[in-house]
Amino acid sequence: MPETTAAPTAARTPAHSRGVRPGRGLPPFTGAGEPAALTTLQVLRLLDSGPRGLTEEQAEERLLRYGENVVPARRPPSWPRRFVGSLRDPFTAVLLCLGVVSAAVASWGTACVIMVLVVVSCALRSGGEHQAGRSMAALRELVPTTASVQRRTADDAPPRVREIPVDQLVVGDVVRLGAGDLVPADVRLLRASGLTVHQAALTGESVPVPKNALDAPAGGGAEPPEPPHLCFQGSSVASGSGTALVIATGPDTRFAAAYGGPARRRGETAFDRSVHGIAWTLIRFMLLTPPLVLMANAALRGRGLETLPFAVAVAVGLTPEMLPVIVTAALARGASALARTSGVIVKRLPALHDLGAVDVLCLDKTGTLTQDRPVVERSLDARGDNAPDVLEWAAVNSFWTVELAELPVPDTLDEAILDAAGERGADPFAYDGIAALPFDPSHRLATAVVRRPGRHTTHTLVVKGAVEDVLDRCGSVAVDGADAALDAAHRERLLGLAAEEAAGGLRLLAVARAERPARLGPYSDKDLRGLTFLGFVALRDALAPTATDALEDLARRGVAVKILTGDHPGTAARACRDLGLDPGEVLTAGRLGDLRGPQLAAAVARATVVARCTAQDKARIVSALRAGGRITGFLGDGVNDLPALRAADVGICPRGAVTVAREGADVVLAEKDLTAIDRAITAGRRSSGTIAGYLRITLSSNLGNVIAMLAAGLLLPFLPMLPAQVLVQNLCFDAAQLAFAFDRPGPAAERKPAVLRTRTFLRFITAFGLLNAAADIATFGVLAFASHTTARAGDPAVFHAGWFTENLLTQAMVMLLLRTGRHAAERRATGPVHLAAAALAVIGILLPLSPLGPPLDMSAPPALYYALLAAVLTLYGLALSTVRTHHPALSAAA
Ligand SMILES: Nc1ncnc2c1ncn2[C@@H]1O[C@H](COP(=O)(O)OP(=O)(O)OP(=O)(O)O)[C@@H](O)[C@H]1O
Ligand SMILES: [Mg+2]
């Protein structure tokens with residue numbers, strides 16, 4: 001493409017020969033931006049650059065000298081730092097407190113074992129996190145953020161625009177900006193066409209701000225706070241395009257000065273609500289336990305502070321120390337498997353859990369339900385008759401809006417129109433392009449201003465866009481070559497005609513035109529009044545071949561699908577119907593009006609399609625669904641999808657999406673394909689199933705032990721379990737639970753959204769905890785019976801050994817019988833959990849008999865005990881299976 005620039009070429013004189021140092025450190029260009037008093041030419045000179053950009057060699061040299069364009073954000077922490085960080089985990093903190101309490105009462109044994117627990121769990125956790133962090137960083141690198149830079153291979157070579165990773169940009173580079181791009185560094189505009197920029201991250205302003213190149217220096221007056229010719233890193237292009245000079249990179253940008261790192265967003269996610277919610281409930285329990293144990297012992301047995309170590313041990317017994325390890329491992333494993341098998345990149349680990357919990361998925365239409373390969377089917381005039389000239393005007397609009405853009409982004413509708421017009425021999429060069437107002441999703445219009453060669457006094461405005469938005473700007477309608485006033489009846493008829501075409505599944509663009517006296521000044525949306533309506537171009541976009549099956553799968557998995565589109569309601573409804581999705585009542589965003597909160601949630605809950613949505617409508621619908629308790633995913637790929645991507649529990653976009661969408665999304669798909677989402681949701685449910693399984697099993701048996709321990713503590717004249725023993729037992733349990741990180745839950749876990757609700761969960765662990773306690777108490781009876789005839793009746797060491805064995809055996813059984821999503825038939829195959837359970841059982845039986853027994857105050861129980869224990873365990877196993885199958889409320893939770 002020939003390079004057309006307005007700035008003189010003198011700027012290309014090498015400035016280093018004049019002793020000017022480019023870039024970083026140069027006072028006017030650090031962070032705060034650049035005084036508007038300099039002309040573009042002066043700035044280019046100062047930075048030793050030119051309107052044609054740097055050469056590759058210059059850029060390379062600057063990169064080496066001044067460093068990469070990265071904000072010195074929080075670097076990934078090192079392993080030791082993670083270790084220290086994991087000490088701040090609430091469970092660890094509680095354990096440490098308990099350790100301090102034990103040390104304070106000189107219970108050194110307990111204190112030491114608690115320390116061992118803390119160190120082991122922190123080491124495992126930080127190791128796991130470190131590894132997960134590395135693999136996540138590697139995954140994120142598969143979705144790099146790029147910028148379009150204009151560089152030359154040699155001084156005299158023509159400039160070429162190419163995509164490079166953003167971190168390779170240097171001061172003096174010339175970059176191209178297009179709708180949906182992130183502003184890659186602090187830049188000064190050289191040229192701009194209809195450019196508006198979102199700078200909410202910097203200024204909090206929520207509406208896009210218009211930006212343009214500076215024609216003349218701003219003079220001596222005060223500099224405006226947001227100079228219109230500067231764009232800053234951290235903002236994004238909402239519409240239009242531009243060419244700009246990089247004036248500050250990396251740590252020198254205004255963004256780095258303000259924040260020192262990328263801003264992180266988002267309130268409470270589904271992950272926080274479920275996993276964290278349960279963790280905090282437990283922590284409250286743990287903190288309450290020691291005082292309760294002390295009080296009960298004091299009140300009922302008249303014991304004093306000497307029971308404190310025991311009370312502490314009971315609280316420690318409740319802790320699921322391995323929770324963070326299991327969570328990280330399960331999610332990281334799921335995320336890398338998903339990347340390997342389906343090319344789906346999860347950018348934030350907890351997002352995988354949230355994916356599994358999604359129960360409503362909002363989608364855009366184009367490219368998701370359809371192929372995004374539109375072809376022009378026909379063009380019609382205001383009467384609905386074939387009208388080739390309407391297509392020709394649309395082509396003039398498409399050609400010049402693309403041609404005059406600084407960064408032409410191929411739009412499939414424009415391409416289709418140009419193809420069709422080209423086939424019919426239309427010639428857009430019959431006009432000269434004067435100006436363009438590029439397509440802007442909030443106005444749903446694109447405008448080209450053209451001039452017929454030789455007619456210098458008249459400009460023709462050619463507008464194409466959504467039917468309603470074009471009609472709003474029309475004052476007349478062309479009928480049979482003459483203009484007639486556009487009255488309400490006409491308008492209704494035209495809308496009806498459009499609806500008819502849309503009902504056939506066609507996408508529609510309205511075309512209008514106006515003649516104006518030629519002028520020099522820029523054009524804006526305000527000039528689009530009193531247009532003459534010409535007609536429609538109807539395009540057909542074939543349905544995506546995999547969509548029908550994928551929608552069915554999603555429905556089967558309990559995920560409701562909603563289409564939030566900017567398109568015509570008729571077109572969207574027809575696409576749904578053709579894909580077997582009942583559109584029900586089709587809403588338009590306009591009809592939702594100012595509904596908010598619960599009313600909006602209720603209205604949207606009933607609908608499957610909401611058409612004519614703006615970016616803000618999409619976001620507010622997603623927020624309302626979330627506020628109504630739904631866990632909401634959003635898939636979209638355009639600039640107009642960004643607010644909704646950010647508002648959703650899980651924002652999903654395809655790899656081909658605009659840069660801002662890729663940056664804002666939690667999950668990036670290889671392609672815009674619903675089947676990939678289905679696979680990602682399944683992976684999320686598996687990981688959540690693993691976590692839930694771990695929590696249910698660990699906590700129900702921990703709770704059972706605590707109840708039994710309290711009961712025994714009150715019934716027996718001695719401590720039912722020595723603190724050291726509690727902790728050894730805990731260590732064994734924890735080690736065995738690690739197997740869950742490598743477990744794959746059964747298919748039942750994949751059937752519906754995996755949400756761990758605190759209340760259902762507590763019901764589950766209470767029921768199974770009580771069952772476990774009952775087995776323990778039965779064991780006490782059996783132990784007493786088996787040893788009452790022997791010489792060792794009432795020996796605490798025998799009691800300790802007997803109970804230890806039973807505890808480990810019941811834990812092994814629970815691991816096998818309460819696994820997530822498995823029914824009897826599915827539980828058979830051997831896996832890590834089976835091996836761990838077997839190991840646990842062996843340790844449970846042999847440890848008290850081994851030389852380690854006596855130091856832990858355990859000695860072998862009589863043989864009769866083992867026989868009776870077998871009977872107790874059989875009954876316990878039967879009871880477990882019965883409760884699980886016969887209480888759907890409980891088994892459904894599993
Ligand atoms: N290049 C264009 N020129 C003019 N008008 C356009 C252009 N592209 C889209 N439109 C109009 O704007 C409307 C909204 O389109 P847009 O692509 O912004 O919606 P969307 O929300 O992204 O839709 P989808 O759900 O299909 O992705 C379209 O129905 C069409 O009428
Ligand atoms: Mg779109």
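Begin by selecting helix 13 (412–423) together with strand 13 (458–465), since each of these elements supplies at least two residues of the shell around ligand 1. Keep in mind throughout that this is a predicted model.

Now display ligand 1 itself with the 21 residues around it, and pick out D364, T366, A466, T565 and G566, which come nearest. If the shell is coloured by residue class, it divides into seven nonpolar, seven polar and seven charged residues.

For the next step, colour the protein by domain: domain 1 covers 9–69 + 169–259, domain 2 covers 274–336 + 681–893, domain 3 covers 346–370 + 544–680, and domain 4 covers 375–540. Where does ligand 1 lie with respect to domain 3 and domain 4? Both domains give residues to the shell around ligand 1, so the ligand lies between them.

With domain 3 and domain 4 still shown, a distance drawn between their C-alpha centres comes to 30 Å. Select next the residues through which the two domains meet, where 13 residues of domain 3 are in contact with 13 residues of domain 4. On the domain 3 side of this contact, go to helix 17 (residues 569–578), which gives the most, with five residues. Taken by class, that side of domain 3 has three nonpolar, seven polar and three charged residues.

The last part of the tour stays within one group of strands. Select strand 17 (residues 531–540), in which nine of the ten residues are buried, so that the strand is largely enclosed by the rest of the structure. Which strands pair with strand 17, and in which sense, antiparallel or parallel?

- Add strand 10 (residues 375–381), which pairs with strand 17 in the antiparallel sense over six bridges; to see how the two are set against each other, label V375, which stands opposite R540 in strand 17.
- Add strand 16 (residues 506–517), which also runs antiparallel to strand 17 and is joined to it by eight bridges; here the pair to label is L508 and, opposite it in strand 17, A538.
- Add strand 14 (residues 474–479), whose pairing with strand 17 is parallel and extends over three bridges; in this case C474 has L531 of strand 17 as its bridge partner.

To finish, return to ligand 1 and show D364, T366, A466, T565 and G566 once more as its nearest residues, with domain 3 and domain 4 coloured separately, so that the position of the ligand between the two can be viewed directly.

Key. Residues numbered from 1 in each chain as written. Chains lettered and ligands numbered in written order. Predicted model: local features only at pLDDT ≥ 70, side-chain atom pairs only at ≥ 80, totals over all residues. Near = placed C-beta within 6 Å. Helix = DSSP H or I, 4+ residues; strand = E, 2+ residues; numbered from the N terminus. Nonpolar A, V, L, I, M, F, W, Y, C, P; charged D, E, K, R; others polar. Domains from an automatic or database assignment. Buried ≥ 20, exposed ≤ 12 C-beta atoms within 10 Å, placed from the backbone. Pairing = 2+ DSSP bridges. Contact = placed C-beta atoms within 7 Å.
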